[in-house]
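Good morning, and thank you for coming. I would like to take a few minutes on one cavity and one strand in the structure now on the screen.

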Amino acid sequence: MGRKFVVGGNWKMNGDKNQINEIVNNLKKGPLDPNVDVVIGVPAIYLSYVKSIVPENIGVAAQNCWKVTKGAFTGEISPAMIKDVGADWVILGHSERRTIFGEKDELVAAKVAHALEQGLKVIACIGETLEEREAGKTEEVVFRQTKALVPAIGSNWDKVVLAYEPVWAIGTGKTATPQQAQDVHAALRNWLSVNVSGDVANAVRIQYGGSVTGATAKELAARPDIDGFLVGGASLKPEFVDIVNATQ
Ligand SMILES: O=C(CO)COP(=O)(O)O
């Protein structure tokens with residue numbers, strides 16, 4: 001069976017109630033391809049609000065969480081809380097968390113393990129910087145980041161979507177070419193077949209993220225190992241519908 005296409009919208013720290021109403025109304029109008037899983041990653045403070053207005057067929061994700069259930073961690077939210085307000089997903093290891101907030105592979109892995117244990121589904125992000133790409137280290141970096149996740153994911157690969165987001169393509173308008181993205185996705189799948197299992201390698205969905213737009217989505221989506229997108233800027237705009245529908 002083929003992998004179901006999965007498109008995430010990562011709103012990052014954007015949106016207020018007015019804009020959220022507009023975005024959700026646009027998603028309701030769609031029409032969205034029913035053969036695609038759609039997940040929107042919203043600021044934590046709006047998780048409940050979004051859950052209250054969004055149709056059931058659209059998944060809702062937090063953009064981060066902490067690695068334990070509760071306690072003295074001022075400013076943090078737990079997977080238990082995310083579930084409690086009705087959201088089912090969390091985005092973890094985003095490059096902005098890694099670079100701006102200093103999250104290392106080990107912390108990302110601990111968060112992934114706890115989120116899965118608590119019953120959330122996880123979009124786990126990996127990707128190299130421009131410096132790393134230019135030094136020929138793309139595969140080394142994404143394999144290292146993925147390796148750290150393997151013990152954290154254990155037997156829960158069916159609850160995980162990998163998002164390959166080259167840092168140089170995020171928010172820069174510089175989308176990876178379909179071939180650049182396909183090459184990394186295929187290399188990741190091969191790494192998974194050797195280091196996890198053939199079944200996991202075949203089944204896991206790998207999203208591409210980094211300046212995806214309505215104009216670039218179709219060509220990327222046509223590549224065999226690109227199973228969806230994680231979209232930043234364009235997920236706030238009407239063209240997000242075109243990105244969801246890129247395989248039509
Ligand atoms: O970081 C991203 C999604 O998580 C990509 O952001 P942009 O689509 O704005 O480049």
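Let me begin with the residues that line the largest cavity: Gly93, His94, Ser95, Arg98, Cys125, Ile126, Gly127, Gln145, Glu165 and Val167. Please keep in mind that this is a predicted model.

How much space lies in the largest cavity? The computed figure is about 40 Å³. Searching the whole structure for cavities of 30 Å³ or more returns one.

As to the chemical character of the lining, five residues are polar, three are nonpolar and two are charged. Turning to secondary structure, helix H4, residues 95–100, contributes at least two residues to this lining, and so does strand E5.

Strand E5 leads us to the second topic. Which strand does E5, residues 121–126, pair with over five bridges? The partner is E6, and the two run in the parallel sense. Within this pairing, Ile123 has Val161 of E6 as its bridge partner.

E6 is also joined to strand E7, residues 205–209, by four bridges, again in a parallel arrangement. Here Ala163 stands opposite Gln207 of E7.

Finally, are the residues of E6 buried or exposed? The strand spans residues 160–164, and five of its five residues are buried. Both faces are covered: Val160, Leu162 and Tyr164 are buried on one side, while Val161 and Ala163 are buried on the other. Val161, the bridge partner of Ile123, and Ala163, opposite Gln207, thus share one covered side of E6.

Notes: Residues numbered from 1 in each chain as written. Predicted model: local features only at pLDDT ≥ 70, side-chain atom pairs only at ≥ 80, totals over all residues. Heavy atoms only, no water. Buried < 20%, exposed > 50% of the residue type's maximum accessible area, 1.4 Å probe, protein only. Pairing = 2+ DSSP bridges. 1 Å grid on protein atoms, 1.4 Å probe; cavity = no way out; pocket = protein on both sides within 12 Å on 5 of 7 lines; lining within 4 Å. Points joined across faces, edges and corners; volume = space filled by probe spheres on them. Nonpolar A, V, L, I, M, F, W, Y, C, P; charged D, E, K, R; others polar.
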